[in-house]
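The briefing that follows goes through metal coordination, one helix contact and the cysteines in turn. Please read it beside the sequence and the structure.

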Amino acid sequence: MSGVRDRALGAYLGLAVGDALGAPVEFMTPMEIRERHGLLREMVGGGWLRLRPGQVTDDTEMSLALGRALLSPGGFDLRAVAEAFAAWLRSRPADVGNTCRQGIQRFLAERTLQAPAREWHAGNGAAMRILPVVLATLHDQEACRTFSLAQAHITHNHPLSDAAVETLAEMARRLVLGEPRAVVRLLADELVRRMPEFRFDPYPGRATGYIVDTLQTVAHFFFGSEDFETCLVGVVNRGGDADTTGALAGMLAGAAYGCAAIPERWRKALDRNVAREIEAQVDGLLGLSLNPLRSYAPQR
Ligand code: MN
Ligand code: MN
């Protein structure tokens, strides 16, 4: 397996593994997790969504929906992305974030592809699903930025969400390309310089679905650990929006350390159909990234 494919697959499987690992403790406090699970390090299932062990939630499902749209004949077509989100919502998913639901419903009612700017759009729901765009635009930084933001704006339109989307996408892109963590750290530091509310060192300790808390948690544990398992165990045991912080940390750690770094017991527990679609999408999306004739300009 080539290095790029290994890291791309590591990122996508890492995203799903982090989602499935964290979802059973979503909305719990660190103390509640300790009382119930000790240190959570297995795919236990359960939680408020009553999940099967290894079952993923909206973070992975919306990523897969976005990937399906990019791989459809329409390609980089925002309308196809919005339709894919709508099809997913119609499938009656176990979990949907409020801002995502409202954004998809607005698209269905008004056919508009951009949410109006709103104060409560600073959730992490747009950032959690960026990976398919990253893989499909792997060799084109500007295309990655433009399309990551365009897909985000279907549901989320807020400067803090935008800043996190841009930064996380570029971090993932560079990690998949093989750049070292120390270089990628500079991107996070640059974000903090531009918007000091994102400062994650010292770690403020909040892990909610507010994108600032989410990014701080992911960055703190990703840069503060040296392997996939330590990073993910640290993140999900903070509770809060544990499936989404888990998904984003899994994306970065999987990209940094590759597939083989994901513990076998977690990979084996992962929903079989999800794992299969991820493998197929990775090859398709990396194929798109190599097609120089494709226009990345988001169609409106
Ligand atoms: Mn979720
Ligand atoms: Mn979540």
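In this predicted model, Asp243 forms a bridge between the manganese ion (ligand 1) and the manganese ion (ligand 2), and the two ions lie 3.4 Å apart. The bridging residue is itself buried, because its relative accessible area of 0% falls under the 20% limit.

**Manganese ion (ligand 1)**

- The protein donors of the manganese ion (ligand 1) are Thr57 through OG1 and, each through OD, Asp58, Asp59 and Asp243, at distances of 1.9 to 2.3 Å.
- Along the sequence these donor residues follow the spacing T-D-D-x183-D.
- Two of the donors can be described by their accessibility: Asp58 counts as buried at 6% relative accessibility, and Asp59 is likewise buried, with a relative accessible area of 0%.

**Manganese ion (ligand 2)**

- Coordination of the manganese ion (ligand 2) comes from Glu26 (OE), Asp241 (OD), Asp243 (OD), Asp243 (OD) and Thr244 (OG1), at 2.0 to 2.8 Å, and Asp243 is thus listed with two OD entries.
- The spacing of these donors along the chain is E-x214-D-x1-D-T.
- Distant parts of the chain are linked by the pair Glu26 and Asp243, which are 217 residues apart: Glu26 is in the loop between helix H1 (3–22) and helix H2 (30–37), whereas Asp243 is in helix H12 (residues 242–257).
- Glu26 is buried, since its relative accessible area is 6% and the limit for buried is under 20%.

**Contact of helices H1 and H8**

- The axes of H1 and helix H8 (residues 159–177) come within 8 Å of each other and cross at roughly 140°, and the two helices are therefore oblique to each other, as roughly antiparallel would require an angle over 145 degrees.
- On the H1 side the contact is made by Val4, Arg7, Ala8 and Ala11, and on the H8 side by Leu175, Val176 and Leu177.
- Sorted by class, the contact of H1 with H8 holds six nonpolar residues, no polar residues and one charged residue.

**Cysteines**

- With a pair of cysteine sulfur atoms required to be within 2.5 Å, the count of disulfides comes to zero.
- Cys144 is in no disulfide, and the nearest cysteine sulfur to it, that of Cys100, is 19 Å away; Cys144 is also buried, with a relative accessible area of 1%.
- Cys231 is in no disulfide either, the nearest cysteine sulfur being that of Cys259 at 16 Å, and Cys231 counts as buried at 0% relative accessibility.

How values were computed. Residues numbered from 1 in each chain as written. Chains lettered and ligands numbered in written order. Predicted model: local features only at pLDDT ≥ 70, side-chain atom pairs only at ≥ 80, totals over all residues. Heavy atoms only, no water. Donors = N, O, S within 2.8 Å, 3.2 Å for Na, K, Ca; no water. Buried < 20%, exposed > 50% of the residue type's maximum accessible area, 1.4 Å probe, protein only. Helix = DSSP H or I, 4+ residues; strand = E, 2+ residues; numbered from the N terminus. Axes fitted to C-alpha atoms, helices over the stretch in contact; angles between N-to-C directions. Parallel < 35°, antiparallel > 145°, perpendicular 65-115°, else oblique. Contact = heavy atoms within 4.5 Å. Nonpolar A, V, L, I, M, F, W, Y, C, P; charged D, E, K, R; others polar.
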